[in-house]
Amino acid sequence: MNAIISLIAVIGLVLIALIGVNVANLHFIFGVVVPYFAIVVFLIGVISRVMKWGRTPVPFRIPTTCGQQQSFPWIKQSKLDNPSTAAGVVGRMLLEVLLFRSLFSNTKFELREGPKIAYGSTKWLWLGGLAFHWSFFVVLVRHLRLFTEPVPVFLQNIEALDGFLQVGIPGVLISGVVLLLAVTYLFLRRVIEPAVRYISLAADYFPLFLIMSIALTGILMRYFLRVDIVGIKALTIGLVSFNAKVPEGISVVFYIHLFLVSTLFAYIPFSKIMHLGGVLLSPTRNLPNNSRMVRHINPWNYPVELHTYSEYEDEFREKMKKAGLPVEKE
Amino acid sequence: MYNGGKIIAGLIIFIGLFTFPIFYNMGKASKMPEPKLDTPAIKELPEAERKCVESKEYMKANHMQLLDEWRDLVLRDGNLVYESTSGKKYIMSLQNTCMHCHSNKKEFCDKCHTYANVKPYCWSCHISPKENET
């Protein structure tokens, strides 16, 4: 049901762009206004979301400890899984962000004959996630060719590397194909595995369908339907130099693609995709486990008036002696 | 803000990277390229015959696939003659047919290809025409 609602939402978005451009002729709205609006929403949304997280106090160390913490020198510390220094945290974060290390230790639990419980390592989610995120990143970076003039050499090299198979005309770019396959896998995983399907919400399916349709329209434009790439680049260059004009004759598929991408960008700050900032700000990952070395004081502790035992004894020593109570100082 | 310095530094880096195209293109006026059709071979033709093998729209969208098909037909099947939709026959040859009219590779081919960062590998086998630097 959640999946169907999300699918209908994405189809609705496609229809909005299709009707808006083909029937209502709102080329300027869909080519210029909507993208600007989406980017502004994206930037303000991301900043305010991150600032909100930044204002949340994290008084104590709550890192997930996945290995031996720092202890006696003769006990080997697991420096990446239970870091106690800033360098260790940086290492852990880098491996997490770039290689999804925590997904690599994913295990699967099964009940077998007996009944016996069996745990096995499962890497499919890790592999699918890694393929998806990296190919999406490469696709995003490759699109900078439409936003830079002249195209910088590093972008030319990325595209050359991406298309090094030289299959077909125009050459197949590996990242686009991998992106579509990976996002399809991530979707099928949600639908087929009963446990994952049970916990999947519309907010999980919607971005998957959105990204799937973005990849599909992109692939359609590049290999099958043919769009006027020079006209498109004139539009996109106009967008980034704040001098946007909409050239004639750009296919409606481009506007659908652009509208879906704009929706994705505007949707990011309000959705689970905010994990792109959240992963860096998650206290279970970005804190060193140094509770035994540093005293962490809760910032909102109100000042407590102390009356220590030695002061108490000083005050009542004579009375305590008379009553026959033991005192520490005579 | 807790750890405000680090978070704000991170945000500034993020925004800087994200808005990179704006700074990169600042102060550069780039024009949409128009392939030039003013070669001597084209000028010699009478006005009515200044046509490519297919329509302009078709060529604009599909020239790469047409060339790809031509290559396969010539090299793999030994078929040298292309009959266009208008019924006219052409010799399928990049260097002798296409480049005969469009002898201005820099102004015709490269302009859009460079603009859109497209790198066709025509010229890794074919000899690209020598043009006078202007």
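Select A:Glu318 first. This residue counts as exposed, because only 9 C-beta neighbours lie inside 10 Å, and 12 or fewer is the cut-off for that class. The model you are viewing is predicted. A:Glu318 sits in helix H14 of chain A, which covers residues 309–322. Now add A:Glu330 to the selection. The two residues are 12 apart in sequence, and their C-alpha atoms are 9.5 Å apart in space.

**Where the chains meet**

Show both chains. How many residues does each chain bring to the contact? Chain A brings 30 residues and chain B brings 27. On chain A, three helices each supply at least two residues of the side that touches chain B: H2, H6 (153–162) and H10 (229–240). Which helix gives the most to that side of chain A? Colour H10(A), which gives the most, with 6 residues. Then colour the side of chain A that touches chain B by class. You should find 19 nonpolar, 5 polar and 6 charged residues.

**One helix pair across the chains**

Select H2 of chain A, residues 27–55, and H1 of chain B, residues 4–18. Their axes come within 10 Å and cross at roughly 165°. Is H2(A) roughly parallel or roughly antiparallel to H1(B)? The angle makes H2(A) roughly antiparallel to H1(B), because angles over 145 degrees count that way. The crossing of these two helices is right-handed.

Show side chains for the contact. From H2(A), pick A:Leu43, A:Ile47, A:Val50 and A:Gly54. From H1(B), pick B:Gly4, B:Ile7, B:Leu11 and B:Ile15. By class, the residues of this contact are 6 nonpolar and 2 polar, with no charged residue. Look at the spacing along each helix as you go. An α-helix has 3.6 residues a turn, so residues three or four places apart point the same way.

**A helix pair inside chain A**

Hide chain B. Select H5(A), residues 124–142, and H7(A), residues 174–192. The axes of this pair are 8 Å apart, and the helices pack at an angle of about 140°. That angle makes H5(A) oblique to H7(A). H5(A) passes H7(A) in a left-handed crossing.

Now pick out residues of the contact. On H5(A), they include A:Leu125, A:Gly128, A:Phe132, A:Phe136 and A:Arg142. On H7(A), they include A:Ser175, A:Val178, A:Leu179, A:Tyr185 and A:Arg189. The residues of the contact between H5(A) and H7(A) divide into 12 nonpolar, 4 polar and 2 charged.

**Helix H9 and what comes after**

Move to H9 of chain A, residues 202–225. Its buried residues include A:Tyr205, A:Phe206, A:Phe209, A:Ile214 and A:Gly218. What do the buried residues of H9(A) pack against? Add H1 (2–22), H7 and H11 (252–267) of chain A to see their partners.

Step off the end of H9(A) to A:Arg226, which follows the helix. A:Arg226 lies in the loop between H9 and H10 of chain A. Its phi is near 70°, a positive value in a residue other than glycine. Is A:Arg226 buried, exposed or partly exposed? A:Arg226 is partly exposed, because 19 other C-beta atoms lie within 10 Å and burial takes 20 or more.

**Two cis peptide bonds**

Zoom in on A:Gly114 and A:Pro115. The peptide bond from A:Gly114 to A:Pro115 is cis, with omega near -10°. A:Pro115 is in the loop between strands S1 (107–112) and S2 (116–121) of chain A.

Next, go to A:Glu149 and A:Pro150. Here too the bond is cis, with omega near 0°. A:Pro150 belongs to the loop between H5 and H6 of chain A.

**Finish on chain B**

Bring chain B back. Colour domain 1 (1–30) and domain 2 (31–124) of chain B separately. How many Å separate the centres of the two domains of chain B? Taken over C-alpha atoms, the centres are 43 Å apart.

Last stop: B:Asn117. Find this residue in the segment after helix H6 (105–115) of chain B. Phi of B:Asn117 is positive, about 55°, although the residue is not a glycine. B:Asn117 counts as buried, because 21 C-beta neighbours lie inside 10 Å.

Terms used
Residues are numbered from 1 along each chain as its sequence is written. Chains are lettered from A and ligands numbered from 1 in the order in which they are written. This is a predicted model: local features need pLDDT of at least 70, side-chain atom pairs count only at pLDDT 80 or more; totals for chains, interfaces and linings use all residues. Axes are lines fitted to C-alpha atoms, for helices over the stretch in contact, and angles run from 0 to 180 degrees between N-to-C directions. Helices (H or I, at least four residues) and strands (E, at least two) are DSSP runs, numbered from the N terminus. Angles under 35 degrees count as roughly parallel, over 145 as roughly antiparallel, 65 to 115 as roughly perpendicular and the rest as oblique. A crossing is left-handed if the near helix is turned anticlockwise from the far one by less than a right angle, and right-handed if clockwise. Two residues are in contact if their C-beta atoms, placed from the backbone, lie within 7 Å. Ala, Val, Leu, Ile, Met, Phe, Trp, Tyr, Cys and Pro count as nonpolar, Asp, Glu, Lys and Arg as charged, and the others, Gly among them, as polar. Domain bounds come from an automatic or database domain assignment.
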